[in-house]
Amino acid sequence: MDIIKRKSELVNEFSPMLEKSTKTSKIWVSFLILVILIGLVAFIIQVVNGHIVTGMRDNVVWGIYIINFIFFVCLSYSGAFISGILHFFKSPWKNSVSRIVEIITVLSLIIGPIFILLCIGRLDRLYFLFLYPRIQSPITWDIIAIMTDLLGCFIYLYLTFIPDFAMLRDNSENAPKWRQKMYKILAIKYYDTPTQREALHKITRTMSVMVIALAIVAYSVLAWIFSLTVQPGWNSSIFAPYFIIAGLYSGVSVIIIAMYLIRKFYHLDHYIRKVHFMGAGVILLIISILFGYFTFSEYFSRWFSHKIEDTKLLDTLFNRYFWYFIFANYIGVLVPVFILFFKKFRTIKSITFAAVIAILGLYVNRYLIVVPTLETPYLPIQDTRPEYIHYTATWIEWALSFAGIAAFILFFILIMRLVPIIPMSGIIDYEREQKRKPHASNNH
Amino acid sequence: MKTKIFQYLFIFTALAFVNPNSFAQETNLKNYKIRFGLSTTKQADNSRILEASYVAANKKDRKDRVPIYDANINFYNVFADEEVLLGTAKTDQEGIAQLIVPANQSYTTNEEGYINFKAVFDGTDGLDYEEAEVAVKDVFLELNLEDIDSVKTVILNAYTLDSLQTKIPLEETEIIFSVGGMLSKMPIKQDNISEGRFEFEFPEHISGDKNGNIDVFASIIDNDEYGNVIQKKNIAWGINKNIITESNQLWSDVAPIWMYVVLSILLIGVWANYAYSIKNLFNIKKEGKELELKSENEN
């Protein structure tokens, strides 16, 4: 009986978050929709005129679309990885961050692959990939991995949402009819009976292991798209673990930024506490050191082996892309390390700032992986126009990129309007556990 | 006119090859020393290569060597004051002029049995007259490759002929045995011959061509008395008779079997887990439905 009352309390506590629609939030949502609409216009222009409206040409056939794709997909994999670990090891922080992570996972896995579609010159032939797949091709592996992972993450996300949907169904008498109906359908008649709870916990736990494994496989497949080629800068045996570390780096950073924004705008200081930022900061520190180490190993071996193609690539990086290189591989790594290494610098704001720097650095790092390599081909092309060799993104590409980011934020907000960002069922589970083990720690 | 062309050609060549670091130096002929040399190689078919090398070497920078090309070189067989013209060849871009004298060419020898060869560049207005001589004895290498009691044996007989055509065995002369490769010869034995005969067991595991054929060479290299002498025999002593050409399976129409197996196991494992999760969700729903019915009946 106590539990039913507690559930009702929690729904009442979090309901304002679902219904809250301030003037600021309306402006913010309108702005996001505007950005998406501009992206839509850019998309129509691209479809009508073809890829000539982008900066991609004969040499650089992959531009910021592919960088966005890698960025979002890696973000998703890292989200799945972190979420799986939180669930599997029943981490005490689970309740504070797991839902943020799960939403990031699914949204970025939906938005990421859209960018690869924008990269394809003949979208009308897309179905050829499914009709005539080459099992030997890493692109085929990636399609299979993304689709499998997307479904897996959907199922996993849904499993973690079911108890909350059930609580909302049972306690939203004042909510609009459509919302009540939606909760009723999504709750699939879950009444939190011991057998239902046990079954749900069992499959959630299995799925948490599955998403960890899937994330590692999918990360590696994504890295192999590059490293299995013989292109200078891509052909590397450490690319798969390097991508995993880089993905986790971006994942943890985005989680920190999301935690900061949600905490600030939804006043969830009680649930997303300083200790969570401190913990996330230490994790980010470890990952940033690892990322720096991998980056150094990658470039050092290329510089030391002194192969002609690698030398040309390094020349390009240290001349044409000098400041990009400095920002991505020095500022993007050393600034977060410096901030996070010293305990006295670790505040919520400084940790969030370190995360922002890490994200920006990582995005530029991705740019440096993709573009300079394509700009230094094996066979130099003579008497060709510079714009056919060098790449600069056009407004079309930027508009679509920002539209992707806007869509990500907008969907995040919409999902937060659907279910509370703090899993209520997690709190109930925790309190239930506390009753069973009264001496357990209070660090949730 | 022709000599003028030579002069300009040389200067142009010398300038083209000059070390940029020494650009400030005076780049004229005084800085260069002409090196004109002659060597001879007796080949397996008893023909003889006469090779003249014509290069201008910088006196201060030994790396700066300018080949003189398109120069006419006359090759002679010299005996006393008599010079028999064997042929003429032009230097190539490496400054090398090469004349192959056929096997049936007879040479005059001196009383010690040496054949005297001479290479002559007649000179131009810009370049001086040059000549180089080399004297060698005519060596005969008899290379026999035999299976003796199932042992692959290489036997070499080496001799010269005196004026009465009597065989005089070679003594204390270094012989190199090698096998032919794609790019260069691979030495398999290096030793001194004595009493005109040398014998050794041919090593196993030497790769041949697709039929197992292998070229075995016996060579005397840069010998003061004999110059270069090469003898060659072909025999099916090589291994790897069947060269297996491995094709890249990833470029084939069908992927390797293991790839299908691994992919199938992975996908079946993952999708079976999804199916199991969905089945459990249906069980949860079923139980919920039963609960609803039960509570409706109770009400």
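**Stop 1: a hairpin in chain B**

Select residues 214-223 and 227-235 of chain B: these are strands β15 and β16, which run antiparallel and are joined by eight bridges. The model you have open is a predicted one. Now show the link from β15(B) to β16(B), a hairpin of three residues. To see one of the bridges, pick B:Ala218, whose partner in β16(B) is B:Gln231.

Keep β16(B) selected and add residues 32-42 of chain B, which form strand β1. Here the pairing is parallel, and two bridges hold β1(B) to β16(B). Pick B:Thr41 and look across to B:Asn228, its bridge partner in β16(B).

**Stop 2: an open sheet in chain B**

Next, select strands β4, β5, β7 and β8 of chain B. They make up an open sheet of four strands, in the order β5-β4-β7-β8, with antiparallel pairing. Which strands stand at the edges? They are β5 (82-90) and β8 (130-137) of chain B; each has a single partner strand, so one side of each has no neighbour in the sheet. Turn the view to follow the twist, which averages 25° from one strand to the next.

Within this sheet, select residues 114-121 of chain B, strand β7, together with β8(B). The two are antiparallel, and eight bridges join them. Show the side chains of B:Lys118 and B:Glu133: the first stands opposite the second, which belongs to β8(B). While side chains are on display, a general point may help: in a regular strand they alternate between the two faces of the sheet.

**Stop 3: one residue, B:Asn74**

Stay in chain B and select residues 72-79, strand β4, then pick B:Asn74 within it. How many other C-beta atoms lie within 10 Å of B:Asn74? There are 19. A residue needs 20 or more to count as buried, so B:Asn74 is classed as partly exposed.

Apart from neighbours within four places in sequence, B:Asn74 is in contact with B:Leu85, B:Thr88 and B:Val120. Show these residues around B:Asn74. Then draw a distance from the C-alpha atom of B:Asn74 to that of B:Ala97: the separation is 9.3 Å, and the two residues are 23 apart along the chain.

**Stop 4: the two chains as wholes**

Colour by secondary structure and show chain B alone. Chain B has two helices and 16 strands. Of its 299 residues, 20% count as buried. Among contacts in chain B between residues at least 6 apart in sequence, 57% join residues at least 24 apart.

Now show chain A alone. Chain A has 16 helices and zero strands. It has 444 residues, of which 41% count as buried. For contacts in chain A with a separation of 6 or more, 82% are between residues 24 or more positions apart.

Bring both chains back and look at where they touch. The contact takes 20 residues from chain B and 21 residues from chain A. On the chain B side, the residues touching chain A are eleven nonpolar, five polar and four charged.

**Stop 5: helices α9 and α13 of chain A**

The last two stops concern packed helices. A packed pair is described by the angle between the axes and the distance between them.

Select residues 239-266 and 348-375 of chain A, helices α9 and α13. Their axes lie 8 Å apart, and the packing angle is about 140°. The helices α9(A) and α13(A) are therefore oblique to each other. Their crossing is left-handed.

Show side chains where the helices meet. From α9(A), the residues include A:Ala246, A:Tyr249 and A:Ser250; from α13(A), they include A:Ile348, A:Ile351 and A:Thr352. By class, the contact of α9(A) with α13(A) has 13 nonpolar, three polar and no charged residues.

**Stop 6: helix α4 against α9**

Keep α9(A) and add residues 94-119 of chain A, helix α4. The axes of α4(A) and α9(A) come within 10 Å and cross at roughly 120°. This pair too is therefore oblique, and α4(A) passes α9(A) in a right-handed crossing.

On α4(A), select A:Val97, A:Ile100, A:Val101 and A:Ile104. On α9(A), the contact residues are A:Val254, A:Ile255, A:Ala258, A:Met259 and A:Ile262. What classes do the residues of this contact fall into? The contact of α4(A) with α9(A) has nine nonpolar residues, no polar and no charged.

Definitions and conventions. Residues are numbered from 1 along each chain as its sequence is written. Chains are lettered from A and ligands numbered from 1 in the order in which they are written. This is a predicted model: local features need pLDDT of at least 70, side-chain atom pairs count only at pLDDT 80 or more; totals for chains, interfaces and linings use all residues. A residue is buried if 20 or more other C-beta atoms lie within 10 Å of its own, exposed if 12 or fewer, and partly exposed in between; C-beta atoms are placed from the backbone. Two residues are in contact if their C-beta atoms, placed from the backbone, lie within 7 Å. Two strands pair if DSSP finds at least two bridges between them. Axes are lines fitted to C-alpha atoms, for helices over the stretch in contact, and angles run from 0 to 180 degrees between N-to-C directions. Angles under 35 degrees count as roughly parallel, over 145 as roughly antiparallel, 65 to 115 as roughly perpendicular and the rest as oblique. A crossing is left-handed if the near helix is turned anticlockwise from the far one by less than a right angle, and right-handed if clockwise. Ala, Val, Leu, Ile, Met, Phe, Trp, Tyr, Cys and Pro count as nonpolar, Asp, Glu, Lys and Arg as charged, and the others, Gly among them, as polar.
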